[in-house]
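I opened the notebook to record what I looked up in this structure. The entries follow the order in which I checked things.

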Amino acid sequence: MKTFYAEEQKRHDPKAFLSMGAQKPNPEQPERVERLLLGARAAGSAIHRPANYGLGPIAAVHTPEYIEFLTHIFERWQRMEGASAEVIPNIHPFARNGSYPAGAAGQAGYHMADTACPISAETFDSACWSAWSAVAATEAVLSGEPAAYALCRPPGHHAFADVAGGFCFFNNSAIAAQRLRATASRVAILDVDLHHGNGTQGIFYARSDVLTVSLHADPSRFYPFFWGHADERGEGAGLGYNYNLPLPRKSGDPEFLEALDHAISRIQAFSPDALVVALGLDAFEGDPFGGLSVTTPGFSPIAEAIARLGLPTVIVQEGGYLCDALGDNLTAFLAGFAS
Ligand SMILES: [Zn+2]
């Protein structure tokens with residue numbers, strides 16, 4: 001299986017985020033890439049550089065207002081007297097029924113859900129290359145490869161059509177799914193990240209052509225809190241096309257695999273032409289977020305079960321944070337998928 005990744009994705013280097021009100025080092029570090037590249041190579045995957053696909057595939061998912069915001073917000077922020085080195089908002093609309101402000105501070109609050117996605121000079125470029133890695137992996141699958149892996153960093157599944165959040169700027173999994181729709185009449189997205197894929201759910205919530213399924217730690221007391229509950233099933237034409245499987249905290253391999261069975265059964269019932277796997281590795285028992293207890297060997301049977309669907313599959317990297325086994329967890333997944 002080919003891996004797609006561009007060096008520019010490492011330049012985004014967020015410094016801080018707020019957790020329970022305290023400023024902490026941002027966990028979405030460039031070093032994640034080094035560990036994941038080692039993990040991909042150990043699984044026998046060769047690394048390919050994606051092409052520059054322009055803004056088209058990104059604009060197929062994100063609003064022009066939001067793309068324009070991300071393009072220019074860093075320079076605009078720097079022009080404000082006394083502004084921080086990174087763009088970090090401190091005010092958000094509590095509901096999205098107000099007006100769109102003209103200034104950088106107001107727009108940052110409008111387009112950024114939380115403090116976990118600081119924007120620096122390199123962020124927009126890194127986010128574009130991350131999205132293009134997803135597009136390149138999708139193109140490989142559209143050209144007949146049974147599966148391809150996009151080493152997307154920064155990750156994407158918490159990004160909505162016009163909102164960044166949770167370390168994410170462009171929703172790479174959604175961009176891949178939308179691109180697959182060029183030939184596939186139905187596409188399923190299976191999100192196995194520790195955290196609910198709230199941005200992906202939001203983007204496709206009213207659509208019946210893309211089924212969104214997410215396994216994750218119960219959000220009642222866990223990020224992203226407001227989404228990921230079992231009663232969120234879609235709306236309008238999309239009602240019944242969103243399936244959330246929240247798991248009790250610290251659930252391990254057996255519980256994860258049992259929930260995965262339900263997810264796979266739902267995907268089979270949808271009979272898609274292609275699949276996107278939003279591959280977070282932070283469900284790992286040793287991940288710094290500590291929400292679930294999947295083991296390193298446990299990632300192989302998870303991948304095997306997904307591979308048995310027999311669908312053309314784009315695997316898109318989401319979360320998974322610095323710990324000794326990060327690369328090994330990717331190796332276990334990719335090797336399991338190919339076995
Ligand atoms: Zn996550």
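**Charges over rings.** I found Arg 49 over the face of Trp 129, at 4.4 Å from the ring centre. I also found Arg 32 over the face of Tyr 321, where the distance to the ring centre is 4.9 Å. I note here that the model is a predicted one.

**Aromatic pairs.** How many aromatic pairs does the structure hold? I noted 14. I then looked up Phe 124 and Phe 170, whose ring centres are 6.1 Å apart. Their planes stand at 75°, so I entered the pair as edge-to-face, the word used for angles over 60 degrees.

I checked where these two residues sit in the chain. Phe 124 belongs to helix H5 (residues 123-142). Phe 170 is in the loop between strand E5 (147-150) and helix H6 (172-180). They are 46 residues apart, and the pair links distant parts of the chain. Is Phe 170 buried or exposed? I wrote down buried, because its relative accessible area is 1% and the limit for buried is under 20%.

**A cluster of rings.** Next I looked up Tyr 223 and Phe 225. Their ring centres lie 6.4 Å apart with the planes at 75°, so this pair is edge-to-face. I entered Tyr 223 as partly exposed, at 26% relative accessibility. Phe 225 is partly exposed, with a relative accessible area of 40%. I saw that ring pairs join Tyr 223 and Phe 225 with Phe 160, Phe 226 and Trp 227 into a cluster.

**The surface patch.** Which residues form a nonpolar patch on the surface? I listed Phe 225, Phe 226 and Trp 227, which together have about 340 Å² of accessible area. I traced Phe 226 to the loop between strand E7 (210-217) and strand E8 (242-247). Phe 226 counts as exposed because its relative accessible area is 63%, and the limit for exposed is over 50%.

**The zinc ion.** Last, I looked up which residues coordinate the zinc ion. They are Asp 193 (OD), His 195 (ND1) and Asp 282 (OD), at 2.0 to 2.1 Å. I copied the spacing of these donor residues in the sequence as D-x1-H-x86-D. I placed His 195 in the loop between strand E6 (187-191) and helix H7 (198-204). Asp 282 is in the loop between strand E9 (274-279) and helix H9 (299-307). The two are 87 residues apart, and the pair links distant parts of the chain. I entered His 195 as buried, at 6% relative accessibility. Asp 282 is buried as well, with a relative accessible area of 0%.

Terms used: Residues numbered from 1 in each chain as written. Predicted model: local features only at pLDDT ≥ 70, side-chain atom pairs only at ≥ 80, totals over all residues. Heavy atoms only, no water. Donors = N, O, S within 2.8 Å, 3.2 Å for Na, K, Ca; no water. Helix = DSSP H or I, 4+ residues; strand = E, 2+ residues; numbered from the N terminus. Buried < 20%, exposed > 50% of the residue type's maximum accessible area, 1.4 Å probe, protein only. Phe/Tyr/Trp six-rings, centres within 6.5 Å; stacked < 30°, edge-to-face > 60°. Lys NZ or Arg CZ within 6 Å of the ring centre and 35° of its normal. Patch = residues over 30% accessible without salt bridge, like charges linked within 9 Å, V, L, I, M, F, W, Y side chains within 5 Å. Areas by Shrake-Rupley, 256 points an atom, 1.4 Å probe, with all protein chains shown as cover. Salt bridge = Lys/Arg side-chain N within 4 Å of Asp/Glu carboxyl O.
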